[in-house]
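Colleague: I should like to discuss the salt bridges of this structure. Could we take them one at a time?

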Amino acid sequence: MCTVRCAVFCNEALERESMRLREVYLNCERYERSANRRDQRNGFYFRDFQTVFGCLRLKIARSRNRSFLPAVVGLIQRRSAEVTLLVREAFLRGVSTRQVGRVITSLQLGPLSAQTVSHLSRHLDSLVAAFHQSRIADEWAYLFLDGVSLRVRRPAGRQRVHMLVAYGVRRDGSRQLLAFLRSQGESQAAWEGLLQDLYRRGLTGEQLQLIVTDGCPGLAAAIQTVYPRVLHQRCWVHKMRNTLERVRRHDHPLVKSMAQAIYLADDHGAASRAFCIFQRRWLAIYPAMVRKLEQHLPNLLSFFHFPEHLWKKLRTTNVIERCFVEVRRRTRPMVCFVNEASVERIIFAIFHRFNEQWQNRTLRLFTQAA
């Protein structure tokens, strides 16, 4: 109550000061005809100040040629640092720009448009730059790599921009989204850019045991360039999808069950024997599909070199795909980004929230293996 009374008192005092400044400037009384009159009164306008105590609205006098804002008011920020921090933290927690404005309004801190929230979120650019330059300790045992595409407005129309993402897991099951890189596609050069950035920031790969990917050819080539000594595992979910695309629909159930028998085998030898059975059954009918599977088989069976606890986690990129579900959920209402900087802010906000949530949470299967 005392705070409200203080705010009302300050508001009235500043309004009186504004009117006094106008009277001094005009050099004549109201309705007075005078040759010394400098200007004509032109009513008032309102100026809002958003504070933690609510929205304060000041009534500022003005003439036809100028306004009379008290000097002390000019030194006050229109939006207090606490409100700005609240907007930024809400944005980092995954609240959309429109929803942030509604939250601020519901707290009676004054109206806040989506454009204003977007403008305030530009303060995140320094955090994004710091994230890209931060050091990475060479303590990660497993690296999951994948990409997600988003739509961005361009002068020539809407185009897709890819975000290449690196997700790391330590031996004890602790995890973190390590890096992301904006690119025009998933070429070898683009993936080499991300991997070289990881290497430059400290992930030299001395402790790295396995890199799991979706099977992108450019990514596989980039791994051989930057981390040639690390085992490479191709995702079985992506491989199964690609395999079934080459098969007639009525053969899907049998092809799928026989392919699953390969990665569900008890060990590497049993998996190789399961592939031989698969090969004998389908080589004559789908030779291209079988040869492709045979070509990729060494990288598809890399997970057998690790403890059995980890096989389910290491044979797919599901752990990083779950992060992309949140990315798509968050970005779907936005339809299309205005520019690439806004894409990076959103991706950073989502990843920052994930990394905070994971500080005290580990992947149970990796913990058991450790």
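Modeller: A salt bridge here is a side-chain nitrogen of Lys or Arg within 4 Å of a carboxyl oxygen of Asp or Glu. Please bear in mind that the model is predicted.

Colleague: How far apart are the closest N and O atoms of aspartate 197 and arginine 200?

Modeller: Both residues belong to helix α7 (residues 188–200), and because they are 3 residues apart, about one helical turn separates them. They form a salt bridge, and the distance between their closest N and O atoms is 2.4 Å.

Colleague: Is aspartate 197 buried or exposed?

Modeller: Buried means under 20% relative accessible area. The value for aspartate 197 is 18%, whereas arginine 200, at 45%, counts as partly exposed. Aspartate 197 is therefore classed as buried.

Colleague: Which residues are joined into one network by salt bridges that share partners?

Modeller: Aspartate 197 and arginine 200 form one salt bridge. Salt bridges with shared partners connect these two residues with a further one, giving a network of Asp197, Arg200 and Arg201.

Colleague: In which strand does the partner of glutamate 344 lie?

Modeller: Glutamate 344 forms a salt bridge with arginine 182, at 2.7 Å from N to O. The pair links distant parts of the chain, 162 residues apart: glutamate 344 is in helix α15 (residues 340–357), and arginine 182 is in strand β5 (residues 175–183).

Colleague: How many salt bridges does a search of the whole structure find?

Modeller: Another example is the pair glutamate 326 and arginine 353, at 2.5 Å from N to O. Over the whole structure, the number of salt bridges found is 5.

Methods: Residues are numbered from 1 along each chain as its sequence is written. This is a predicted model: local features need pLDDT of at least 70, side-chain atom pairs count only at pLDDT 80 or more; totals for chains, interfaces and linings use all residues. Side-chain values use heavy atoms; hydrogens and water are left out. Helices (H or I, at least four residues) and strands (E, at least two) are DSSP runs, numbered from the N terminus. Buried means under 20% relative accessible area, exposed over 50%, partly exposed in between (1.4 Å probe, protein chains only).
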